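The following exercises ask the reader to work from a sequence and a structure. Each task is followed by a solution in steps.

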Amino acid sequence: MNRIVNLISAMLNNIIDILKQILELLTRMEQGATSGDAAAEEPTPQKQDDDRLYSAKYAAERIGVGERTIYRLTKRGLLPVDSYTLGMRLFRHSDIERCRRFYLGE
């Protein structure tokens with residue numbers, strides 16, 4: 001059951017990322033149309049940092065919480081685990097940043 005919740009949470013986070021990218025593109029298109037530019041800007045490629053995987057220790061330091069809190073956030077589905085390697089939970093940089101912004105209220 002918990003695994004299903006984590007999978008659904010990860011899928012929803014991916015959908016949120018896609019919707020944010022669409023909103024950014026639409027905003028750029030609208031700005032291009034209002035400024036009179038005929039050529040639309042090409043979308044900027046997503047940073048490679050978003051694809052990097054980090055340990056729970058790094059995630060805890062980045063968010064500003066303890067490692068036990070990271071595991072609680074994972075259990076609640078607020079910080080999805082991207083993969084397990086040699087028994088370590090690995091988290092995507094973009095998920096860590098999203099959780100940090102949520103935790104700090106940004």
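**Exercise 1.** In this predicted model, state which residue follows helix 3 and give the sign of its phi.

*Solution.* The residue that comes after helix 3 is G77. The phi of G77 is positive, near 85°.

**Exercise 2.** Determine how the buried residues of helix 3 are arranged around its axis.

*Solution.* Step 1: list the buried residues of helix 3, namely T69, I70, L73 and T74. Step 2: look down the helix axis; these buried residues fall within an arc of 145°, so they line one face of helix 3. Step 3: recall that an α-helix has 3.6 residues a turn, so residues three or four places apart point the same way. Step 4: turn to the face directed away from the buried side, where the exposed residues R68, K75 and R76 are found.

**Exercise 3.** Identify the residues of the largest nonpolar core and the helix that gives the largest share of them.

*Solution.* Step 1: the core consists of twelve residues, Y54, A56, A59, A60, I63, V65, I70, L73, L79, F91, I96 and C99. Step 2: two or more of them come from each of helix 2 (56-63), helix 3 (67-76) and helix 4 (93-104). Step 3: helix 2 provides the largest share, with four residues.

**Exercise 4.** Classify L26 as buried, partly exposed or exposed, and name the surface patch residues that accompany it.

*Solution.* Step 1: L26 belongs to helix 1 (residues 2-35). Step 2: its relative accessibility is 47%, so L26 counts as partly exposed. Step 3: L26 forms a nonpolar surface patch with I4, I8, L12, I15, I18, L19, I22 and M29. Together, the residues of this patch have about 850 Å² of accessible area.

Methods
Residues numbered from 1 in each chain as written. Predicted model: local features only at pLDDT ≥ 70, side-chain atom pairs only at ≥ 80, totals over all residues. Heavy atoms only, no water. Patch = residues over 30% accessible without salt bridge, like charges linked within 9 Å, V, L, I, M, F, W, Y side chains within 5 Å. Areas by Shrake-Rupley, 256 points an atom, 1.4 Å probe, with all protein chains shown as cover. Salt bridge = Lys/Arg side-chain N within 4 Å of Asp/Glu carboxyl O. Buried < 20%, exposed > 50% of the residue type's maximum accessible area, 1.4 Å probe, protein only. Core = buried A, V, L, I, M, F, W, Y, C linked by side-chain atoms within 4.5 Å. Arc of directions from axis to C-beta.
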